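User: Hi! Could you walk me through the empty spaces and a few surface details of this protein?

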Amino acid sequence: MGGHSKNDSYQDQVKELKRAFAYNLFYREGAISVTASLNDYYLAVAQTLRDRIQHLFFHFAETALEKDSRIVCYLSAEFLTGPHLHNNLVCMGLYDQFEQAARETGLDLKELIDHEEEPGLGNGGLGRLAACYMDSLATLQIPAIGYGIRYEYGIFDQEIEDGWQKEISDCWLRPGNPWELKRSDLAREVGFGGHTETYTGEHGNLRWRWVPNRVVIGVPYDTPIPGYKVNNVNLLRLWSAKAHSSFDFGEFNTGDYYGAVEEKIKAETITKVLYPNDEQCQGKQLRLEQQYFFVSCALQDMIRIHLITNDNLDDFAGDFQAQLNDTHPSVAVPELMRLLMDVHFYDWDKAWEITRNTLNYTNHTLLPEAMEKWPIDLFASLLPRHMEIIYEINRRFLDEVRLRFPGDDARVSRMSIIDESGPRYVRMANLACTGSKNINGVAAMHTELLRKHTLADWNDMYPGKIKNVTNGVTPRRWIAVSNPRLTALITEAIGDRWLTHLNELRQLEKYAEDSAFQEAWRKVKEEDKRDIANHAARNLGIKVDHTAMFDVQVKRIHEYKRQHLNVLHIITLYNRIKANPNIEITPRVFVFGGKAAPGYFMAKLMIKLITSVARVVNSDPDVKDRLKVYFIPNYNVKIGHTVYPMADLSEQISQAGMEASGTGNMKFSMNGAITIGTLDGANVEIREEVGPEHFFLFGLTVEEVMALKAAGYNPMDYYNRDQELKHAIDLISSGFFSHGDRDLFRPLVDSLLYDDQYTLFADYRSYIDCQEDVSNLYDNRKDWTRMSILNAVRMGKFSSDRSISDYARDIWDAKAFPVKLKWEDMPEDGLYFASHKNKEK
């Protein structure tokens, strides 16, 4: 991938890598070749690469402190980075050298890449977006630190047992994590509980002091994030909670063995697991503890860095811009106020000015459950000083609202940070909106709905404060790493600049009708599909025809994402085959993947329905392999590397107005899949970019959904009117897919018949008819391939590089800060990346 000749310098680099492999294997892993395991070799190779990245990072950090650069701090409860080795090799331009060095050492680099354990530090889109943004920040040479939590156990591993999801602990750290460095010297103290007290300051003014009754230590673990073939390396700093004192000899000596380590257990529980179940009070408290813990650590760290080169915090917002990734880090508003007033002795007005000029808030969803709120009693008991600050923020803010909108008590009630409509809560979204300089949505439609509905009051109060930054994904991971065949085809045609300037893919439009290029494009897709067909045969014993249409829906399992609408289409096709076994149907392989939240019964039942339908359809001889249904267990980033390239059809079928943006839709289209979808989230903009004629549109619009519900939507009307819908639902109800058990899927069926919150029945006929159009086009290889090419090459807008450029211009006012290396800064082996562009003699 480096693109250079195998000259003497190249061979010297390969020799040096082989020496480094051996050194790390022996001295770091304590292994020799005859006894080393695959994991030993993986760690040795990964450490060899990390060492080269780390040298760049230290030089970049040192230089950045000397210059007048603004650092972006991305605060996120999730960072779903995916495996690092392959991606970092691509970014550093060292894949070829490492591949040859591994081969000459007797290793298979691809085997080592496959062996890597994926850090499951996120649920899905939110954490993956954060990872894409960290990639683009480094590639665009904008100094940045990602702040989050180093969960000991990430998102659960999913197994399918008798068709049901089973959750298994994700022990991602067990094999060792060669990418991180523990920084105990930078640990921070974080308090909880206790009380507040007032005292008189040295100038006779009233001051507040928080006296917590529990203090934990936040220890940072640093992972370098390299940009693509640049010298800039940014930092992902994840915090782990440790006890202030790990062992109490007094308790131990009196025989209280649990008490001796109780503080250690309580402290480390904070970062033990990603998103504990918050149905119980203890779960709610732990989740709030997690959020405050990493936010406090982050803000203290930012202040520490600022004070290295500044005497005070007056220009803190000039050096740092913090982005709150959804409501999880919203406690940053009162925490920054507390640090500024109680620790650094700023008055309220100056502290509020600094806070509101530092923080920015991204809203990611219109779903009510994502608009976090915390019971007042819980919040006040855990963070008493912050509760006081929130009350004062709210008092001052509501006075502004009353002045702006006199007599509008309903508006005051809606905008209040404290929800007093029933039991009292702290509304975290309102807190974030009040304490941030900018608010942004993540797709044009989502932002418009925020302005008109969800945050309409804020839009009225602060016109222009709510901006749009449509999400994007990094083409380095989602094309170069995931789809090397397609990467090679594109690069052969137009060079490799497109990897950092994705709009240059438009140059390929002229090849969309070219028969030779179409054939090469189809060959890439067929090879990618053959990979997944082999996986299905090897792991599930399912024979899959790689020439069939691969119809794919992979995402978190949720009723609003409507995986069960997809299932109704499968059952409809199955019913048609059973009614007429000789019917002509375009062969399809339906691929599902995704995890259901452990406490979300209906989502788990949807997985059971998918796997039950798969069992029947895949074993029915009448189907004759025309339909196959395949649920991929434990869907994650690594599996996504295989799934996105092989898809022919991308299912983006959520109810209009429910999906904030979506990013899977972008990954599919970049890899040549054609979308069937509603006018929801980023689907709207994808359709605009690729052209309406290259997008399979169905379903109600947002306005039509609202009108239908306002008029009194009755799903039974659709059920009784559409015989194919009725037949599909009745087949589920009859127990046909559940070994005769009529009760198994009753909750799901009843929710559709008597409620249908997400209007599946209203969209069913439009969806089925649109799928007919999909089948007809797929049978025309030339037209389908042309549409596939145009979908991929018109996706330039959806690079995360464009998203970060928008943030830098419209939200952060952050500039690129290229780092140039002098020859004396180079390590002895000279191995940074293959095509070094920024060396100076």
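Analyst: Happy to; the questions below go through pockets, cavities and single residues, and please keep in mind that this is a predicted model.

User: Great, let's start with the second largest pocket. Which helix gives the most to its lining?

Analyst: The second largest pocket has a volume of about 1,000 Å³. Of the 31 residues that line it, Asp-114, Asp-531, Lys-638, His-641 and Thr-642 are the closest to the centre. At least two lining residues each come from α5 (109–115), α20 (484–494), α21 (515–540), β20 (627–632) and α24 (637–646). With eight residues, the element that gives the most is α21.

User: And by class, how many charged residues does the lining of the second largest pocket have?

Analyst: The lining can be split into nonpolar, polar and charged residues. There are 14 nonpolar and nine polar residues. The number of charged residues is eight.

User: Now for the enclosed spaces. How much space lies in the largest cavity?

Analyst: Counting cavities of 30 Å³ or more, the structure holds six. The largest cavity has 15 lining residues, and Asn-87, Ala-131, Asp-135, Ile-225 and Arg-477 lie nearest its centre. The space in this largest cavity is about 160 Å³.

User: Which element supplies the largest share of the lining of the largest cavity?

Analyst: Three elements each supply at least two residues of that lining: α3 (85–92), α6 (125–139) and β9 (214–226). By class, the lining divides into seven nonpolar, five polar and three charged residues. The largest share is four residues, and the element they come from is α6.

User: Let's move to the surface. Is Phe-26 buried, partly exposed or exposed?

Analyst: Phe-26 lies in helix α1 (residues 8–28). Together with Tyr-23, Tyr-27, Ile-32 and Val-34, Phe-26 makes a nonpolar surface patch of about 600 Å². Buried means under 20% relative accessible area and exposed means over 50%. Phe-26 has a value of 46%, so Phe-26 counts as partly exposed.

User: What about Arg-794, buried or exposed?

Analyst: Arg-794 is found in the loop between α32 (781–793) and α33 (800–812). The cut-off for a buried residue is under 20% relative accessible area. Because the relative accessibility of Arg-794 is 15%, Arg-794 is buried.

User: One last thing: what separation do the C-alpha atoms of Arg-794 and Ser-669 have?

Analyst: Along the chain, Arg-794 and Ser-669 are 125 residues apart. In space, their C-alpha atoms are separated by 8.9 Å.

Notes: Residues are numbered from 1 along each chain as its sequence is written. This is a predicted model: local features need pLDDT of at least 70, side-chain atom pairs count only at pLDDT 80 or more; totals for chains, interfaces and linings use all residues. Side-chain values use heavy atoms; hydrogens and water are left out. On a 1 Å grid over the protein atoms alone, a cavity is a set of points where a 1.4 Å probe fits but cannot get out, and a pocket is an open set with protein on both sides within 12 Å along at least five of seven lines; lining residues have an atom within 4 Å of a point. Grid points are joined across faces, edges and corners, and a volume is the space filled by probe spheres set on the points. Ala, Val, Leu, Ile, Met, Phe, Trp, Tyr, Cys and Pro count as nonpolar, Asp, Glu, Lys and Arg as charged, and the others, Gly among them, as polar. Patches are made of residues with over 30% relative accessible area and no salt bridge: like charges are joined within 9 Å, nonpolar side chains (Val, Leu, Ile, Met, Phe, Trp, Tyr) within 5 Å. Accessible areas come from the Shrake-Rupley method with a 1.4 Å probe; for residues, only the protein chains shown count as cover. A salt bridge is a side-chain nitrogen of Lys or Arg within 4 Å of a carboxyl oxygen of Asp or Glu. Buried means under 20% relative accessible area, exposed over 50%, partly exposed in between (1.4 Å probe, protein chains only).
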